[in-house]
Amino acid sequence: MNHFHNFFEKTKRGFYNYLLSLTRDSDFADDIFQETYYKILKNYTENLSPGILYKIGKNLFIDAYNKNKKHLAIEDINLNYNNEDDARLEAEALLRMLEDDEKQVFLMSAVDGLKYEEISKVTGMSVANIKVKIFRARKKIQQKINGGQR
Amino acid sequence: MKEILISQFIDDELSLPEKKDFVINVKNDDEFYDEAIKFIESEIKFIEKIKKNNIPDLKLKRAFYFNYKIAVAALLLIALSFFGISKVAFSPQQITAAKNLKEYRFVIFNDNANKVEISGTFTNWQKIPMKKINNSGYWELTLSIPEGEHKYSIFADDNVLADPTAAFIEKDDFGNINSVLEV
């Protein structure tokens, strides 16, 4: 039990921000957030892994996106977007510049505090590869933050 | 590519020889020093932004958001009724019921109880046992319930539990605590 809660506490911030950057909508992100942890609780309590967490979350997003595609009007998205809190928009905007795998490993490391070795175990990528991906992600964010507003 | 050392430095991932490299670079290379400061400052700003986002609590209980089977069944029934197929063996009540039913998942945490049950307006106040999820201390039950407002209670070994994730809680005329749910 504590095992699952520790896992939730450790991963929630990085994972939720990941979902926000995918969905651009906090209700949608919340739905996927809840559903993903539910699936983990049901099927993966013996093998809690951020790798599985991100994989399930991404798949649920893709399924939901495909199913709802017809109903999403572009105007609605923009409307939603403008009403969002500025600070969050910024974090989301920064994350959206990253490739999906860069984003995942960067969030696991910088936000969830996982070591490269642990990330390697849960993603199957080599430590050297992870090191480079995190560096690239960080570089893009750094350039955007210091590049100032155009 | 020595910039990558800065990223590893931020993540506490430098080996001892790399630490030596890093310190030498900071001392001898002004550009490297500026870069390192920029990276660290931008990291601080980024983490501040991330921390401003409120993370939702875990509320595993909620209506399913893709209620596909029911939606398809409802559409089919409506279509059939439009074609005026009078011999179809569905009564009008069944059609309305199918249209307005929603799957709802109840999940509650209680790691002391031996049995957890739920009863409510949608079960005619009959107690229905909930199922344990693995050995996690969570109990769950998924029910198809009609749209609208419902009252329910959850019992852990026959003691009433107020559902912490319910939108409202109210006392009924008998002094029982009911949770209120809007489907």
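Student: Which residue does B:F168 stand opposite in β10(B)?

Tutor: In this predicted model, the residue opposite B:F168 in β10(B) is B:V180. The pair belongs to a longer contact between strands: β9 of chain B, residues 168-171, is joined to β10(B) by four bridges, and the two run antiparallel.

Student: Which other strand of chain B pairs with β10 in the antiparallel sense?

Tutor: Strand β7 of chain B, residues 149-156, pairs with β10, residues 177-182, and does so over four bridges in the antiparallel sense. One place to look is B:H150, whose bridge partner in β10(B) is B:L181.

Student: How many bridges does β7(B) form with β3(B), and how many with β8(B)?

Tutor: With β3(B), strand β7(B) pairs over five bridges, again antiparallel. Within that pairing, B:I118 has B:I154 in β7(B) as its bridge partner. With β8 of chain B, residues 159-161, β7(B) shares three bridges, and these strands also run antiparallel. There, B:F155 is matched by B:V160 in β8(B).

Student: What do β7(B) and β8(B) form, and how many residues lie between them?

Tutor: They form a hairpin, with two residues between the strands. In the turn, B:D157 has a positive phi of about 45°.

Student: Why is β7(B) described as largely enclosed by the rest of the structure?

Tutor: The description rests on burial, for which a residue must have under 20% relative accessible area. Six of the eight residues of β7(B) are buried, so the strand is largely enclosed by the rest of the structure.

Student: Where is B:N110, and is this residue buried or exposed?

Tutor: B:N110 is placed in the loop between β2, residues 101-109, and β3, residues 116-120, of chain B. Its relative accessibility is 12%, so B:N110 counts as buried.

Student: Which residues is B:N110 in contact with, leaving aside its neighbours within four places in sequence?

Tutor: With those neighbours set aside, B:N110 is in contact with B:G137, B:W139, B:A156 and B:L161. Among these, B:A156 lies within the residue range of β7(B), and B:L161 within that of β8(B). In addition, the side chain of B:N110 reaches the backbone nitrogen of B:A113 at 3.0 Å.

Student: How many helices and strands are there in chain B, and what percentage of its residues is buried?

Tutor: Chain B has five helices and 10 strands. Of its 183 residues, 38% are buried. Among the contacts in chain B with a separation of 6 or more, 65% join residues 24 or more positions apart.

Student: How many helices and strands are there in chain A?

Tutor: Chain A has eight helices and zero strands. Its elements therefore read, from the N terminus on, α-α-α-α-α-α-α-α. It has 150 residues, of which 49% count as buried. For contacts in chain A with a separation of 6 or more, the share from residues 24 or more positions apart is 64%.

Student: How should I read the packing of two helices?

Tutor: Two packed helices are described by the angle between their axes and by the distance between those axes. In chain A, consider α6, residues 100-111, and α7, residues 116-123: they pack at an angle of about 140°, with axes 10 Å apart. The helices α6(A) and α7(A) are therefore oblique to each other, and their crossing is right-handed.

Student: Which residues of α6(A) meet α7(A)?

Tutor: On the α6(A) side they are A:V105, A:M108 and A:S109. They meet A:Y116, A:I119, A:V122 and A:T123 in α7(A).

Student: At roughly what angle do α6(A) and α8(A) cross?

Tutor: The axes of α6(A) and α8 of chain A, residues 127-147, cross at roughly 90° and come within 9 Å. An angle from 65 to 115 degrees counts as roughly perpendicular, and α6(A) and α8(A) are therefore described in that way. Among the residues of α6(A) that meet α8(A) are A:D101, A:F106 and A:A110. Those met in α8(A) include A:I130, A:I134 and A:I141.

Student: Where does A:G113 lie, and how far apart in space are A:G113 and A:G14?

Tutor: A:G113 lies in the loop between α6 and α7 of chain A, and is partly exposed, with a relative accessible area of 45%. A:G113 and A:G14 are 99 residues apart in sequence, and their C-alpha atoms are 9.3 Å apart in space.

Terms used: Residues are numbered from 1 along each chain as its sequence is written. Chains are lettered from A and ligands numbered from 1 in the order in which they are written. This is a predicted model: local features need pLDDT of at least 70, side-chain atom pairs count only at pLDDT 80 or more; totals for chains, interfaces and linings use all residues. Side-chain values use heavy atoms; hydrogens and water are left out. Two strands pair if DSSP finds at least two bridges between them. Buried means under 20% relative accessible area, exposed over 50%, partly exposed in between (1.4 Å probe, protein chains only). A polar contact is a pair of N or O atoms within 3.5 Å; within protein, one must be able to donate a hydrogen and the other to accept it, and residues adjacent in sequence count only if both atoms are side-chain atoms. Contact means heavy atoms within 4.5 Å. Axes are lines fitted to C-alpha atoms, for helices over the stretch in contact, and angles run from 0 to 180 degrees between N-to-C directions. Angles under 35 degrees count as roughly parallel, over 145 as roughly antiparallel, 65 to 115 as roughly perpendicular and the rest as oblique. A crossing is left-handed if the near helix is turned anticlockwise from the far one by less than a right angle, and right-handed if clockwise.
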